[in-house]
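Here's a quick tour of one model, pocket to begin with, then strands and packing. Have a look at the structure below and follow along.

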Amino acid sequence: MPRPFRFGVSLLTSAPADEWRAKCRRAEELGYDVILVPDHLGMVAPFPALVAAAEATERPRVGTFVLNAGFWNPALLAREVTTTDDLTGGRLELGLGTGYVQAEHDTAGLPFGSPRERVDHLRYTVQELGRLLDAAECRVPLLLGGNGDRMLRLTAGHADIAAFTGASLEPGSTTGKLAPVDAAGFGQRVARYREFAAGRTEPAELNLLIQQVAVTDDPASALKPLLDRRPDLSLEYVLDLPVFLVGSLDQITAKLRALRDRYGFSYLTVLEPCMEAFAPVAEELRRNPLAAPDVPLLGSPHE
């Protein structure tokens with residue numbers, strides 16, 4: 001049997017206390033299972049935001065999506081993790097990544113390094129943090145995400161949750177500009193992860209970050225702003241991307257069931273601007289997790 005679906009929302013925008021709590025309660029009302037925060041300069045500070053989210057809600061877990069390992073010393077991070085897990089009643093999930101925005105490192109006065117150096121630092125952080133949390137008897141689920149072979153191997157070896165973004169850093173970008181990975185390339189990356197994870201005793205939960213959601217009978221109009229900015233992309237190409245959900249409710253839910261059946265993606269995360277739009281999708285997937293409506297798929301996944 002496939003894993004049950006789980007749904008997360010990444011809250012990007014800081015707000016005064018009352019507004020932040022209201023936003024978190026709204027996520028809970030909409031049925032989200034996990035309230036997540038990123039780790040970017042200019043956005044919310046992760047750990048106090050998660051403590052406030054847990055205080056404002058009862059059911060959802062809370063998590064980092066994802067911490068930039070280059071910002072953190074493992075010993076100090078272990079202190080943050082153990083304290084936050086205690087203050088949230090054991091609801092914390094810890095997401096870690098290499099970081100991909102050089103401009104943020106420059107602003108913070110921290111070295112950015114090469115891709116190899118960033119993965120090496122993340123590996124060190126994962127190993128040292130694991131030792132420190134074990135000593136503190138603190139066990140939190142670990143999410144790791146990335147696209148390259150070395151990141152996929154690290155994820156396969158250590159993560160409880162393997163996260164895929166369906167995007168990669170544009171060459172030469174210092175501001176974190178991402179380009180979508182096409183459906184074929186996405187399938188190849190998942191297949192590569194499976195190779196590295198073949199020896200696991202328990203499979204990881206697979207997470208997919210959704211970039212855009214629009215429940216509509218007119219996908220062309222919904223995607224027009226994107227296509228106007230990116231004339232090199234066609235409507236068919238964008239609809240084929242696993243991380244774009246644009247179409248009728250039946251088409252979107254069929255696409256997500258296909259992604260779970262083919263690749264194993266059961267934990268789906270949306271960004272804050274899509275929180276309301278995705279809610280009916282999540283509701284339908286909970287009501288009919290195994291249904292297969294006889295509707296044409298928009299953007300059906302490929303191997």
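## Pocket, strands and cores

In this predicted model, the second largest pocket comes out at about 220 Å³ in volume. Its lining takes in 14 residues, and those nearest the centre are Gly-130, Leu-133, Arg-139, Val-140 and Leu-142. Which elements give two or more residues to that lining? They are β5 and α5 (115-135), with α5 supplying the largest share, five residues.

Now to the strands, where β5 turns up again. Strand β3 pairs with β2 and with β5, as the table shows.

| Pair | Residues | Sense | Bridges |
|---|---|---|---|
| β2 and β3 | 34-37 and 61-64 | parallel | four |
| β3 and β5 | β5: 92-97 | parallel | two |

Val-62 is a handy residue to click on: in β3 it sits opposite Ile-35, and its bridge partner in β5 is Leu-92. Helix α2 fits in here too, since β2, α2 and β3 form a β-α-β unit that is right-handed.

That helix matters for the packing as well: α2 (residues 46-56) brings seven residues to the largest nonpolar core, the largest share from any element. The core in question has 82 residues, and Leu-96, Phe-164 and Phe-278 touch the most other members. Leaving out residues up to four places away in sequence, what does Phe-278 touch? Its contacts are Phe-7, Tyr-32, Val-213, Leu-245, Leu-256, Leu-268 and Val-270. There is also a second, separate core of nine residues, with Phe-65, Leu-143, Ala-163 and Leu-209 among them.

Technical notes. Residues numbered from 1 in each chain as written. Predicted model: local features only at pLDDT ≥ 70, side-chain atom pairs only at ≥ 80, totals over all residues. Heavy atoms only, no water. Core = buried A, V, L, I, M, F, W, Y, C linked by side-chain atoms within 4.5 Å. Buried < 20%, exposed > 50% of the residue type's maximum accessible area, 1.4 Å probe, protein only. Contact = heavy atoms within 4.5 Å. Pairing = 2+ DSSP bridges. Right-handed = clockwise from strand over helix to strand, strands pointing away. 1 Å grid on protein atoms, 1.4 Å probe; cavity = no way out; pocket = protein on both sides within 12 Å on 5 of 7 lines; lining within 4 Å. Points joined across faces, edges and corners; volume = space filled by probe spheres on them.
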